[in-house]
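Here is a short report on one protein chain. Look at the sequence and the model, then read on.

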Amino acid sequence: MNREVIFETKGEKAIDGAGVHLVRVLGNATRDIYDPFLMLDAFDSKDKRDYSAGFPMHPHRGIETVRFLCKGEMTHRDHLGT
């Protein structure tokens with residue numbers, strides 16, 4: 001079966017959290033098109049200063065957070081410290 005591309009989305013550079021530099025691929029502007037996906041961010045900088053500040057504690061109530069790591073390492077804690 002062949003599939004047809006309906007939408008193409010290009011990410012935009014953004015700064016989020018405590019100063020984390022990222023590329024927001026899916027966000028508020030694409031929410032209706034890609035429902036049920038709320039957000040997709042790419043963290044691909046090789047400069048650790050771009051992401052080492054992290055994100056302040058915040059809840060992920062009602063959504064599933066999925067992380068896919070191609071190379072390297074990361075630490076994640078939720079708002080409960082787990």
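## Aromatic rings and a pocket

In this predicted model, the count of aromatic pairs comes to 2. One of them joins Phe43 and Phe55. Their ring centres are 6.3 Å apart and their planes meet at 90 degrees, so the pair is edge-to-face. The cut-off for that label is over 60 degrees. This pair links distant parts of the chain: Phe43 and Phe55 both lie in the segment after β3, 12 residues apart.

How exposed are these rings? The table adds Ile6, which lies in the segment before β1 (12-16).

| Residue | Relative accessible area | Class |
|---|---|---|
| Phe43 | 45% | partly exposed |
| Phe55 | 39% | partly exposed |
| Ile6 | 68% | exposed |

Ile6 counts as exposed because its 68% is over the 50% cut-off. Ile6 and Phe43 are 37 residues apart in sequence, and their C-alpha atoms are 25 Å apart in space.

Now the largest pocket. About 2,100 Å³ of space lies in it. Its lining has 45 residues. Phe43 and Phe55 appear again here: with Asp41, Arg67 and Met74, they lie nearest the centre of the pocket. The elements giving two or more residues to this lining are β2 (20-26) and β3 (40-42). By type, the lining residues of the largest pocket divide into 19 nonpolar, 13 polar and 13 charged.

Last, confidence. The chain has a mean pLDDT of 84, and 94% of its residues reach 70 or more. Among the elements of the chain, β1 has the highest mean pLDDT, at 93, and β3 the lowest, at 90.

Methods. Residues numbered from 1 in each chain as written. Predicted model: local features only at pLDDT ≥ 70, side-chain atom pairs only at ≥ 80, totals over all residues. Heavy atoms only, no water. Helix = DSSP H or I, 4+ residues; strand = E, 2+ residues; numbered from the N terminus. Buried < 20%, exposed > 50% of the residue type's maximum accessible area, 1.4 Å probe, protein only. 1 Å grid on protein atoms, 1.4 Å probe; cavity = no way out; pocket = protein on both sides within 12 Å on 5 of 7 lines; lining within 4 Å. Points joined across faces, edges and corners; volume = space filled by probe spheres on them. Nonpolar A, V, L, I, M, F, W, Y, C, P; charged D, E, K, R; others polar. pLDDT = per-residue confidence, 0-100. Phe/Tyr/Trp six-rings, centres within 6.5 Å; stacked < 30°, edge-to-face > 60°.
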